[in-house]
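Colleague: Could you walk me through the charged pairs, the core and the cavities here? Let's put the structure up before we start.

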Amino acid sequence: FALLCRCKKLLPIDLQIDLFDETVIPILSYGCEVWGYHRTDLAWKLQLRFYKLALKLRKSTPTCMVLGEIGRFPVDVDIICRVLCYWYKLVCSQNSNKLPSVIYKFTYKMYEQNDLQSDYLDFIKRTLADLCLNGIWLNQFNLTFTIHWFKEKVKRCLRDQYIQRWFTEINTKEMFTVYRMYKSEFICEEYIKTLPTAQLISMVKFRTLNNNLPVQRERYRDIPRSDRLCTKCNVGDIGDEFHYLLVCEHFSNSRKVILPSYYWRRPNAVKLKELLCTRKKGTVVKLFSFIKEVTKELDRA
């Protein structure tokens with residue numbers, strides 16, 4: 001929180017997040033090689049809370065949206081990787097004469113004979129199996145690869161698995177119907193790096209359900225999505241991001257003045273994705289201006 005207070009008025013959001021990852025995360029995960037198998041939820045909650053505070057998002061903002069916009073992985077990924085790398089050092093033949101390795105071998109032998117229960121060994125065995133690396137567990141005292149290969153393999157597998165879970169959540173929940181139209185990659189969005197802080201905050205709020213669009217506002221009233229209609233025009237469309245950015249007649253004049261005609265002429269999902277994922281700074285600034293007008297009008301309603 002000291003970091004947040006000192007840099008929020010001086011540094012752009014992307015640098016704030018980088019500073020947090022480089023200065024606070026190492027403290028949160030200090031010594032995780034020996035405790036990371038047991039409990040990582042507190043570190044993960046603090047990491048997520050910082051991201052939401054930095055971006056000024058509601059506590060209810062879906063986690064997959066927060067991480068998807070900034071392209072960051074949960075701290076659990078790094079912690080699990082470090083736990084497994086430490087386990088590799090315990091079973092590595094080069095360290096066989098060291099006391100921790102000797103104790104591990106003794107513990108492992110008792111574990112295999114069902115004379116000892118070990119949450120640590122259960123975690124290592126289960127995690128390697130989940131990563132499709134069960135053969136490493138079965139042949140752990142005869143490993144022929146380096147720790148560098150093992151570290152990169154584990155990190156890549158953990159990240160790939162998280163991205164798969166992220167895509168599954170985005171593609172299965174109704175609340176992400178529009179979000180998945182324009183968010184197809186787990187990467188840091190370009191506007192995070194290019195827009196000034198105030199404009200960035202408005203943009204990320206609009207993209208992550210932190211807005212007063214009918215599709216979002218009426219979700220808390222348990223109104224079916226098909227009935228969350230736009231109240232600004234008589235088109236009869238659902239009041240979602242696609243409608244207000246490219247269709248709504250109430251903002252027709254502003255849209256024609258601010259946005260390039262390519263997007264609002266014969267609008268479709270492809271053009272929505274191109275607009276919200278554009279890397280052209282000029283178009284991003286125009287998009288922000290239009291979003292600002294839309295949100296201001298809806299907040300006043």
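Colleague: Which residue forms a salt bridge with D21?

Modeller: Gladly! A salt bridge here is a side-chain nitrogen of Lys or Arg within 4 Å of a carboxyl oxygen of Asp or Glu. The closest N and O atoms of the pair are 2.6 Å apart, and the partner of D21 is R72.

Colleague: Before I lean on that, what kind of model is this?

Modeller: Residues are numbered from 1 along each chain as its sequence is written. Side-chain values use heavy atoms, without hydrogens and water, local features need pLDDT of at least 70, side-chain atom pairs count only at pLDDT 80 or more, totals for chains, interfaces and linings use all residues, and the model is predicted.

Colleague: How many residues apart in sequence are the parts that D21 and R72 tie together?

Modeller: Helices are DSSP runs of H or I with at least four residues, numbered from the N terminus. D21 sits in helix α2 (residues 13-28) and R72 in the loop between α5 (63-70) and α6, so the parts they tie together are separated in sequence by 51 residues.

Colleague: Is D21 buried or exposed?

Modeller: Buried means under 20% relative accessible area, exposed over 50%, and partly exposed in between, with a 1.4 Å probe and protein chains only. D21 has 18% relative accessibility, so D21 counts as buried.

Colleague: Which residues are linked with E189 in a network of salt bridges?

Modeller: E189 pairs with K183, with closest N and O atoms 2.6 Å apart. E189 also pairs with R207, at 3.7 Å. R207 is buried at 0% relative accessible area. The residues networked with E189 are E69, K183 and R207.

Colleague: Which helix gives the most to the largest nonpolar core?

Modeller: A nonpolar core is a set of buried Ala, Val, Leu, Ile, Met, Phe, Trp, Tyr and Cys residues joined through side-chain atoms within 4.5 Å. The largest one has 91 residues, with W87 and I124 among those with the most contacts inside it. Twelve of its residues come from the top contributor, helix α6 (residues 75-91).

Colleague: And what volume does the second largest cavity have?

Modeller: On a 1 Å grid over the protein atoms alone, a cavity is a set of points where a 1.4 Å probe fits but cannot get out, and lining residues have an atom within 4 Å of a point. E189 and R207 are among the residues lining the second largest cavity. A volume is the space filled by probe spheres set on the points, which are joined across faces, edges and corners; for this cavity it is about 60 Å³.

Terms used: On a 1 Å grid over the protein atoms alone, a cavity is a set of points where a 1.4 Å probe fits but cannot get out, and a pocket is an open set with protein on both sides within 12 Å along at least five of seven lines; lining residues have an atom within 4 Å of a point. Helices (H or I, at least four residues) and strands (E, at least two) are DSSP runs, numbered from the N terminus.
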